[in-house]
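Work through the exercises below with the sequence and the model open side by side. Try each task before reading its solution.

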Amino acid sequence: MASNKEAYRVELRATARQLGDRGLYSAAKWAAELLSGVEPDAAQAPSSVMDTPSSSGSAASGGRLLHLHRSGGSSFRRRLRPFGGGADAGTPLGGVSYVSTPIPDDDAFDVGADKYLLAKTYFDCREYRRAAHVLRGQTGRKAVFLRCYALYTAGEKRKEEETVELEGSLGKSNVVNQELVALERELSTHRRTGAIDPFGLYLYGIVLRDKGSDALARTVLVESVNSYPWNWSAWLELQSLCTSSDILNNLNLKNHWMKDFFLASAHLELKMHEEALKRYERLMGVFRCSDYIQAQIATVQYSMRDLDEADMIFEELLRTDPFRVDSMDVYSNLLYAKESSTALSFLAHRVFLTDKYRPESCCIIANYYSLKGQHEKSVLYFQRALKLNRKYLSAWTLMGHEFVELKNTPAAIDAYRRAVDINPRDYRAWYGLGQIYEMMGMPFYALYYFRKSSYLQPNDARLWNAMAQCYESDQLQMIEEAIKCYERSANSNDTEGIALHQLAKLHGMLGQSEQAAFYYKKDLERMEVEERQGQNFVEALLFLAKHCKSIGRFEEAEHYCTRLLDYTGPERETAKSILQGLKRAQSVLPLMDIDHFAMIQNTGYSWAWTTGPVSTASSLVIGDGDGIKGDERKGDQDALGLWEVII
């Protein structure tokens, strides 16, 4: 097991350095954080715990996925071995055979090494065109990549500047990166001649994506990650192009352990939460101390509406890394959903002191103001987040929610549409558009957007409730379709209890009293467990009292009526009236002669209580298939029902 872990460390140490040398800082940070997440050798896990990411067991299946106690530092017994000759860093893993991927040897100094160091310095100082100029004429693969990457970054910088100049910081613009055409021509030539490395393929994939050639971009990015699987940025670009599970399953990826991280992240993006959670739990076997994996698990739990479990993991992350900002915007959404104003205030204050000009920090502060009802300030901070990152998806969607609160319909629609343009799989933006059109009295448009959102997030009860309410609207009155949507909601853990109550009401409207009583009873049980009382509670008691009386279950009817007496309002008077009627109806029973009743039983007939208007008398009748036979006994004309003997 120790040798397996050391193999991971060797790969990740080399990866962090190589990515940093090429200016791929996000990927380098990810690799370094994952390196620190490998479980230290000193903390040997028991044999029952899985020790590889792809074993069949789960390291955390029996309890919450929180950090182990980190006592002392990791002990590295082996020094970083040299990379000359392309050393094999294949990781022997139990239960799965992974391919061996050689670590590229690019650290030998060549004739252009000094120029590369100068260009890299300019690149770090954000003098991108200057860096590209220094490397002109250099033919080494590393130099070619940095020169092309510097040109691409310079073009992106100029595109942002032109957008702001023409349309404002949040305006739409058709400005494109002017370097794309030349870069595509050069990189495609290098790929054709085989003079391109995995990093060049990664950049070529980005260029193709920006030009709209998604299929070819996927192919090129697959080549890149198969050749150099440790570049997390390449995996993320590939993930953004996998818009369906079919596309994901058809990728021809080598079986490297980094593939497990990619598939887990892709499953989370595609809302395949169970699959994502299983993969992350398996990865915890080796990367037990990884903050990244724990943050992803918390995100999965939040997406599955397991808010308490996700809350515990995020709290632990903040305890171990108090200056963390990554993924904390998801945590702020969770606290907003739980209406934990104190915790959200503390988080907003912490990230403000840590780095107030991060887009995530602005989003967290915006959520805080939104929870306080200060929607104007919330919009201001969402706009600040978007000025820092125009493609920050959550900010567009949440700002749309704020515009809805401010009754600014055009601005809300624009924000939601911008979010959908960035990521068509953002169900929250589709849901927001549905809400807008529902408020505007356009249910057919609203249904279109609600259907899109429920397709992307089929296990979210709120989306099915919204669709059902559209079907219930005065313009549509499609009650059967509304019932189907509420049934889906009830099966999707409808924590608000809307579905059960509406199912009961709709079945009652259709005259289906048995189904209505079934759902009223379930809703009543739910409210009793949650200790909720209100108009829905009273309505359920009243309906069940009337229903039980109508089918002759007098004791249950009396029970529900007695509970209604604890409330004020017209329902209490109705309950009193029902109780009086029950007493009068039960007074009819002694009129039946016991011997006569025994005779009925001996003849094989049965009896039942039936209701209905009684015009003249209540009758006890005995019937057979040929007609009415027997006696009639007149009773009180005010009786509410009669006993009828049926076969």
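**Exercise 1. The lining of a cavity**

How many residues in the lining of the second largest cavity are nonpolar, how many polar and how many charged?

*Solution.* Two points come before the count. This is a predicted model: local features need pLDDT of at least 70, side-chain atom pairs count only at pLDDT 80 or more, and totals for chains, interfaces and linings use all residues. Residues are numbered from 1 along each chain as its sequence is written, and side-chain values use heavy atoms, with hydrogens and water left out.

Step 1: know the term. On a 1 Å grid over the protein atoms alone, a cavity is a set of points where a 1.4 Å probe fits but cannot get out; lining residues have an atom within 4 Å of a point. Points are joined across faces, edges and corners, and the volume is the space filled by probe spheres set on them.

Step 2: find the cavity. The whole structure has 3 cavities of 30 Å³ or more. The second largest has a volume of about 60 Å³.

Step 3: list the lining. Arg141, Val144, Phe145, Leu187, His190, Ala195, Ile196, Asp197 and Gly200 line the second largest cavity.

Step 4: sort by type. Ala, Val, Leu, Ile, Met, Phe, Trp, Tyr, Cys and Pro count as nonpolar; Asp, Glu, Lys and Arg count as charged; the others, Gly among them, count as polar. The lining then gives 5 nonpolar, 2 polar and 2 charged residues.

Step 5: assign helices. Helices are DSSP runs (H or I, at least four residues), and strands are runs of E (at least two), numbered from the N terminus. α5 (141-167) and α6 (180-193) each supply at least two lining residues. The largest share, 3 residues, comes from α5.

**Exercise 2. A lysine in a helix**

Is Lys159 buried or exposed?

*Solution.* Step 1: set the cut-offs. Buried means under 20% relative accessible area, exposed over 50%, and partly exposed in between (1.4 Å probe, protein chains only).

Step 2: read the value. Lys159 lies in helix α5. Its relative accessibility is 17%, so Lys159 counts as buried.

Step 3: look for partners. Contact means heavy atoms within 4.5 Å. Leaving aside neighbours within four places in sequence, Lys159 contacts Val175, Val176 and Asn177.

**Exercise 3. Positive phi in two loops**

Where is Arg126, and where is Glu339?

*Solution.* Step 1: recall the rule. Most residues other than glycine have a negative phi.

Step 2: take Arg126. Its phi is positive, about 65 degrees, although Arg126 is not a glycine. Arg126 sits in the loop between α3 (113-124) and α4 (128-134). With a relative accessible area of 60%, Arg126 is exposed.

Step 3: take Glu339. Its phi is also positive, near 55 degrees. Glu339 is in the loop between α15 (328-337) and α16 (341-355). Its relative accessibility is 61%, so Glu339 counts as exposed.

**Exercise 4. The listed repeats**

Which residues does UniProt list for "repeat: TPR"?

*Solution.* Step 1: read the record. The unreviewed UniProt entry lists residues 393-426 and 427-460. Such positions use the numbering here, feature names are shortened, and annotations may be inferred rather than shown by experiment.

Step 2: check the spans. Residues 393-426 are 79% helix and 0% strand, with end C-alpha atoms 8 Å apart. Residues 427-460 are 79% helix and 0% strand, with end C-alpha atoms 10 Å apart.

Step 3: examine Met440. Met440 is in the loop between α21 (427-439) and α22 (443-456). Met440 touches Thr409 and Ile413, not counting residues up to four places away in sequence. Met440 and Thr409 are 31 residues apart in sequence and 8.9 Å apart in space, C-alpha to C-alpha.

How values were computed
1 Å grid on protein atoms, 1.4 Å probe; cavity = no way out; pocket = protein on both sides within 12 Å on 5 of 7 lines; lining within 4 Å.
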